[in-house]
Amino acid sequence: MLPTHFRLSRRAVGMLAAAGLALGALVPAHAQKTFEFRYGHMNPPNSAAGMQAQWLAEEIAKRTSNSVKVTVYPSSQLGKLQELAEAVSTGTIALSHNTAAGIGSLHEPFAALDTPYLYRDVDHLMKVMDVNSPVMKKLNEGLVKDAGVRVLYAYYFGTRHLTTNKPVKQPSDLAGMKIRAIPFPIYMATVEAMGAVPVPVDWSEVPTALATGKVNGQENPVNVVLSSKLYETQSHLMQTGHIMNAQVIVINEKAWQGLSAAQREQLTAAANEVRRRATEMVARQEATETEELKKNKMTVIGPSDGLNLTAFRTNVRKAVDQKFGAKYGELYKAIEAVK
């Protein structure tokens, strides 16, 4: 038994609780309620997206002393792109990641975050995508209300470039070419504005679609091109840099609210660590991965090789503004205002 001067009366314990001490600080981790969450996504485990998902599972286990266990299911094991977004909304799975446009299928304004040629640089992108930025706070409120889904964090996914099986230097070179587009409106519009015929194909079907000629090309960051071995069916990569992407990790709102206050703090800390680590890794490796694609006999075409970036930028921005300017104009102003 503790000495008298170390004992706390029931009244004192009540006063401490009223003062705002989280129960997690008073109760050992093993006494907390335990949770098992499923995290489903479409990427291979060795991709940046796949790696960060596994890092998150490990960080959460460590920081919650295993009171929250996350099991990761990569490579579309639990569904395709749209199915995964909906599964988080219904609570079939607790966690997933997607492009901002993919999250836009749950709360439409999110799609604006994947507008081509929108951000000044990676730093601007990541400031906008911070869950505490004014832009993300408002979008997150709408997402929770509309779909019962919350953004946990977002990391730098890379800058998207075009790949095809022939050299392309200007929009007219894409005339009649079928280019895979993520099956969401902002991506379809972007590919069309680049001069190609957009073909909606789920990511799980892209390698086969390229191999069989269903599509002649696609667009993605270099990490995805390399980790998915797209160089086996694509001979050229054009550094169009048309969309600067953040991958958005979301959690079911009921799952989030079911956690204790201490567990939510621990998940937030885990998310911040993985966001930092993944962003730094992707940014650091982009140049190296481009060189790896060259070693795998992929021809890389940039402005110094005759790629007319001005033509691509002008055509895409004009077309996207015509289609989405009225709808997302105020949001674009808010994004521009983030410093």
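A salt bridge here is a side-chain nitrogen of Lys or Arg within 4 Å of a carboxyl oxygen of Asp or Glu. The model shown in these views is predicted.

**View 1. Arg 180, a buried charge without a salt bridge.** Arg 180 sits in strand 5, which covers residues 178-181. The residue is buried. Glu 219 is the nearest side chain of opposite charge, and it lies 5.0 Å away. The cut-off for a salt bridge is 4 Å, so a pair at that distance does not count. Arg 180 does have a backbone oxygen close to its side chain: the oxygen of Val 201 lies 2.9 Å from one of its polar atoms.

**View 2. The largest pocket and its lining.** The volume of this pocket is about 340 Å³. Its lining counts 18 residues. Nearest the centre lie Val 131, Asn 132, Asn 140, Val 151 and Leu 152. Three elements each give two or more residues to the lining: helix 7 (134-147), strand 4 (149-164) and helix 12 (261-295). Strand 4 gives the most, with five residues. By class, the lining holds nine nonpolar residues, four polar ones and five charged ones.

**View 3. The salt bridge between Arg 150 and Glu 253.** The closest N and O atoms of this pair are 2.8 Å apart. Arg 150 belongs to strand 4, and Glu 253 to helix 11 (residues 253-258). The two parts are 103 residues apart in sequence, so the bridge ties together distant stretches of the chain. The two partners fall into separate accessibility classes: Arg 150 is partly exposed, at 24% relative accessible area, whereas Glu 253 is buried, at 11%. In the whole model, the count comes to 14 salt bridges.

**View 4. Glu 291 and Lys 294 in helix 12.** The side chains of Glu 291 and Lys 294 form a salt bridge, with 3.3 Å from N to O. Three residues separate them along helix 12, which means a spacing of about one helical turn. Glu 291 is partly exposed at 41% relative accessibility. Lys 294 is also partly exposed, at 40%. Glu 291 can be placed against Val 222 as well: the two are 69 residues apart in sequence, and their C-alpha atoms are 9.9 Å apart.

**View 5. Glu 292 and Lys 295, and a separate network.** Glu 292 and Lys 295 meet in a salt bridge, 3.5 Å from N to O. Both lie in helix 12, three residues apart, or about one turn of the helix. Glu 292 is partly exposed at 30% relative accessibility. Lys 295 counts as exposed, at 65%. Elsewhere, Glu 59, Lys 62 and Arg 63 are joined into one network by salt bridges that share partners.

**View 6. Arg 277 in helix 12 and its distance to Tyr 156.** Arg 277 is found in helix 12. Is this residue buried or partly exposed? Its relative accessibility is 36%, so Arg 277 counts as partly exposed. In sequence, Arg 277 and Tyr 156 are 121 residues apart. In space, the pair is 9.9 Å apart, C-alpha to C-alpha.

Technical notes. Residues numbered from 1 in each chain as written. Predicted model: local features only at pLDDT ≥ 70, side-chain atom pairs only at ≥ 80, totals over all residues. Heavy atoms only, no water. 1 Å grid on protein atoms, 1.4 Å probe; cavity = no way out; pocket = protein on both sides within 12 Å on 5 of 7 lines; lining within 4 Å. Points joined across faces, edges and corners; volume = space filled by probe spheres on them. Helix = DSSP H or I, 4+ residues; strand = E, 2+ residues; numbered from the N terminus. Nonpolar A, V, L, I, M, F, W, Y, C, P; charged D, E, K, R; others polar. Buried < 20%, exposed > 50% of the residue type's maximum accessible area, 1.4 Å probe, protein only. Lys, Arg positive; Asp, Glu negative; His and termini not counted. Polar contact = N/O pair within 3.5 Å; in protein donor to acceptor, adjacent residues only side chain to side chain.
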